[in-house]
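Hello,

Here is the structure I promised to pass on. Could you load it and keep it open while you read my notes below?

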Amino acid sequence: MNTPLFTPDEQKKFDAEIAELLSHYPADRKSAAMLPALRALQAIKGWCPPEGLALVAERLGTTRERAYEVASFYVMYHLKKPGKYTVDVCTNLSCSLWGAEKMLAYLEQKLGLKAGEANERFFLRETECLASCGTAPCLQINEDHHESLTRAKLDALIDKLP
Ligand code: FES
């Protein structure tokens, strides 16, 4: 027997969030709520599993292929279960000029992962500009932004994670 996608509490939360979202869209335009609906799914499950994409598609009156197309287009949606912490390192121009590649190499060594790889604790990846070029280099951990990084700041940041 398949494990249900949601616990009862998660199901309640998902249903309430989708209902609230859909209250802002005309009945014949429900699929326009795809981005926030996927975000709601990911906020609950930590990623967008295939059965979750199918459920979002059903609630929005569209196909699971459409949900997959959207989720796979945007880097912020996880189609594989990430580690507990997603570390997005900006390697775009300003951060690069301020040592982002060295910072990434240091993180790869510290976490024992190459960019793009994950273990149970971390998912490390490069990302495009995080709109914080004036305080480069920067990264995000689970969407929490950290800037003007040095190796000491990076160590403190990573080492204090529970
Ligand atoms: S280049 Fe890194 S924040 Fe813009």
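A residue is called buried here if its relative accessible area is under 20%. By that cut-off, 40% of the 162 residues in the protein chain are buried. Please keep in mind that this is a predicted model.

**Overall layout**

The protein chain holds 7 helices and 4 strands. Reading from the N terminus, the order of elements is α-α-α-α-β-α-α-β-β-β-α. The C-alpha trace spans about 50 × 35 × 25 Å along its principal axes. As for contacts between residues at least 6 apart in sequence, 59% of them link residues that are at least 24 apart.

**Two helix pairs**

Let me start at the N-terminal side of the numbering, with helix 1 (residues 8-22) and helix 2 (residues 34-45). Their axes lie 10 Å apart, and the packing angle is about 160°. Angles over 145 degrees count as roughly antiparallel, so helix 1 is roughly antiparallel to helix 2. The crossing of this pair is right-handed.

Which residues make the contact between helix 1 and helix 2? Helix 1 contributes E10, K13, F14, E17, I18 and L21, while helix 2 brings P36, A37, A40, L41, I44 and K45. Sorted by class, the residues of this contact comprise 8 nonpolar and 4 charged, with no polar ones.

The next pair is helix 3 (residues 50-59) with helix 4 (residues 64-73), which pack at an angle of about 115° with 8 Å between their axes. The range from 65 to 115 degrees counts as roughly perpendicular, which means that helix 3 is roughly perpendicular to helix 4. The crossing of helix 3 and helix 4 is right-handed.

On the helix 3 side, the contact is made by L53, A54 and A57. Across from them, helix 4 offers R64, A67, Y68 and A71. The class count for this contact is 6 nonpolar residues, 1 charged residue and no polar ones.

**The sheet**

Now to the strands. All 4 strands belong to an open sheet with the order 2-1-3-4 and mixed pairing. Strand 2 and strand 4 (144-146) are the edge strands, each pairing on one side only. From one strand to the next, the twist averages 20°.

Strand 1 (residues 85-90) and strand 3 (residues 139-141) run antiparallel and are joined by 3 bridges. If you would like one of the partners to click on, D88 has Q140 in strand 3 as its bridge partner.

What packs on the sheet? Helix 7 (residues 151-159) does, touching strand 2, strand 3 and strand 4. The direction of helix 7 makes about 10° with that of strand 3.

**A closer look at T127**

One residue in the sheet that you may like to inspect is T127, found in strand 2 (residues 122-127). Is T127 buried or exposed? T127 has a relative accessible area of 16%, and since the cut-off for buried is under 20%, T127 counts as buried. Leaving aside residues up to four places away in sequence, T127 touches D88, V89, C90, T91 and N92. D88 is thus a contact of T127 as well as the bridge partner of Q140.

That is what I have for now. Happy browsing!

Best wishes

Conventions:
Residues are numbered from 1 along each chain as its sequence is written. This is a predicted model: local features need pLDDT of at least 70, side-chain atom pairs count only at pLDDT 80 or more; totals for chains, interfaces and linings use all residues. Side-chain values use heavy atoms; hydrogens and water are left out. Axes are lines fitted to C-alpha atoms, for helices over the stretch in contact, and angles run from 0 to 180 degrees between N-to-C directions. Angles under 35 degrees count as roughly parallel, over 145 as roughly antiparallel, 65 to 115 as roughly perpendicular and the rest as oblique. A crossing is left-handed if the near helix is turned anticlockwise from the far one by less than a right angle, and right-handed if clockwise. Contact means heavy atoms within 4.5 Å. Ala, Val, Leu, Ile, Met, Phe, Trp, Tyr, Cys and Pro count as nonpolar, Asp, Glu, Lys and Arg as charged, and the others, Gly among them, as polar. Buried means under 20% relative accessible area, exposed over 50%, partly exposed in between (1.4 Å probe, protein chains only). Two strands pair if DSSP finds at least two bridges between them.
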